[in-house]
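Work through the exercises below with the model open. Try each task before reading its solution.

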Amino acid sequence: MRTVVISGATSGIGRALVEEFAKDCIVFAGYRNENYLDDLQAISGNVRPFFMNMEDKASIAKASAYIKSETNSIDTLINVAGCVVAGAIENIDIDRIRYQFEVNTFGHLDFAQHILPLIKDNGKIINISSMASFGIFPFISPYCASKRALDILFNALQIETHKNIKVISIKPGVIATPLWSKSVEINKNEIKANNGFDKEMKFLAENALKNESRGLDVDKVVKLITKVDALSNPKASYTIGLDAKLSEIFALLPQTLINKMMRYGLRYRIRH
Ligand SMILES: NC(=O)c1ccc[n+]([C@@H]2O[C@H](COP(=O)([O-])OP(=O)(O)OC[C@H]3O[C@@H](n4cnc5c(N)ncnc54)[C@H](OP(=O)(O)O)[C@@H]3O)[C@@H](O)[C@H]2O)c1
């Protein structure tokens, strides 16, 4: 049986991936909240849950040691865990940006460094990045930067490593998952005490809650990932969703033009 490791396995894209891969693979499934342990175990006897909090180096080391004690070979590592830190960049607390990078970027790199020796020849690392990696969305710039950094660092890994592995960045547009209501919850202080960005934060929160239902179905992302996982020569990057494809094209424009269009959009959609 193939072995797949998935972080952020308790909800949204990660949980759907566990369900799919556990049909015919051993799946190591990462959780940070004990309340989900029974749910993960109930999916299939092929699921091996492990605790890992992306903010905590010690827990990443412990999770890696557990996986090493259970297997000496991994076919695919899928880095899914993530959250969204929002706020106006001129007054967001720097520690909030550090937190964003710990969860979305540094934690994944730390984990990958630990378990890289186990990844098979021709194995894969699939990162759930985002269309945010194209870097064009105001008020969630910590999220954009964390995903861009994730892509850059793992791309470097693919180029530099002596191992024969493929690193793939999956860049979804808006997907209907609990990420969006969680983002309103974890940013509630910034949304409330917004130092003059009242309209912008209200728009952001309302938009996030709408995304939770109007986003693309999670099964579409799962389908793409299983397809990519089966390819012997996958591309380095895949977008999914019209919004993601448009973002990719938009990001090719000169930065000055992008900035003008974004400021125009802010003025007419939010600040009027
Ligand atoms: N939904 C979208 O529109 C969208 C679009 C593009 C990219 N993405 C990316 O897709 C990935 C999955 O997101 P999703 O939409 O499926 O959201 P989700 O349902 O909120 O799932 C996020 C997963 O990450 C876990 N997680 C969050 N913080 C963590 C931490 N500190 N340590 C360990 N695990 C942590 C969550 O655990 P809990 O269950 O305990 O919260 C959950 O299992 C994320 O990287 C996200 O950035 C999502």
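H6 gives three residues to the shell around the ligand, the most of any element. The model is predicted.

**Exercise 1. The ligand shell**

Task: Find which elements give two or more residues to the shell around the ligand, and describe the shell by class.

Solution.
- Start with the residues. The shell holds 30 of them, and Thr-10, Ser-11, Tyr-143, Ile-175 and Thr-177 come nearest.
- Sort by class. There are 16 nonpolar, 10 polar and four charged residues.
- Look for polar pairs. A polar side-chain atom of Ser-11 lies 2.4 Å from a ligand oxygen atom. The side chain of Asn-53 places an N or O atom 3.1 Å from a ligand nitrogen. Gly-82 uses its backbone: a polar atom there is 3.3 Å from an oxygen atom of the ligand.
- Check the cover. The ligand alone exposes 890 Å², and the protein buries 97% of that.
- Assign elements. Helix H1 (12-21), H5 and helix H6 (179-186) each give two or more residues to the shell.

**Exercise 2. The nonpolar cores**

Task: Determine which element supplies the largest share of the largest nonpolar core.

Solution.
- Take the members. The core has 33 residues; Val-5, Phe-50, Ile-67, Leu-77, Phe-111, Ile-125 and Phe-154 touch the most other members.
- Map them to elements. At least two residues each come from strand S2 (25-31), helix H3 (57-70), strand S4 (74-79), helix H4 (94-115), strand S5 (119-128) and helix H5 (141-160).
- Pick the main contributor. H4 supplies eight residues, the largest share.
- Follow one member. Beyond its neighbours within four places in sequence, Phe-154 contacts Asn-79, His-108, Leu-109, Ala-112, Ile-125, Asn-127 and Val-167.
- Look elsewhere. Another core lies apart from this one, with 30 residues, including Ala-9, Phe-21, Ala-22 and Val-221.
- Add the background. In soluble globular proteins, nonpolar side chains tend to be buried together.

**Exercise 3. Two positive phi angles**

Task: Phe-139 and Asn-195 each have a positive phi. Is each residue buried or exposed?

Solution.
- Recall the norm. Most residues other than glycine have a negative phi.
- Read the angles. Phi is about 70 degrees at Phe-139 and about 50 degrees at Asn-195.
- Place the residues. Phe-139 sits in the loop between S5 and H5. Asn-195 is in the loop between helix H7 (188-192) and helix H8 (198-214).
- Apply the cut-offs. Buried means under 20% relative accessible area, exposed over 50%. Phe-139 has 11%, so Phe-139 is buried. Asn-195 has 60%, so Asn-195 is exposed.

Conventions
Residues are numbered from 1 along each chain as its sequence is written. This is a predicted model: local features need pLDDT of at least 70, side-chain atom pairs count only at pLDDT 80 or more; totals for chains, interfaces and linings use all residues. Side-chain values use heavy atoms; hydrogens and water are left out. A nonpolar core is a set of buried Ala, Val, Leu, Ile, Met, Phe, Trp, Tyr and Cys residues joined through side-chain atoms within 4.5 Å. Buried means under 20% relative accessible area, exposed over 50%, partly exposed in between (1.4 Å probe, protein chains only). Helices (H or I, at least four residues) and strands (E, at least two) are DSSP runs, numbered from the N terminus. Contact means heavy atoms within 4.5 Å. A residue is near a molecule or strand if one of its heavy atoms lies within 4 Å of it. A polar contact is a pair of N or O atoms within 3.5 Å; within protein, one must be able to donate a hydrogen and the other to accept it, and residues adjacent in sequence count only if both atoms are side-chain atoms. Accessible areas come from the Shrake-Rupley method with a 1.4 Å probe; for residues, only the protein chains shown count as cover. Ala, Val, Leu, Ile, Met, Phe, Trp, Tyr, Cys and Pro count as nonpolar, Asp, Glu, Lys and Arg as charged, and the others, Gly among them, as polar.
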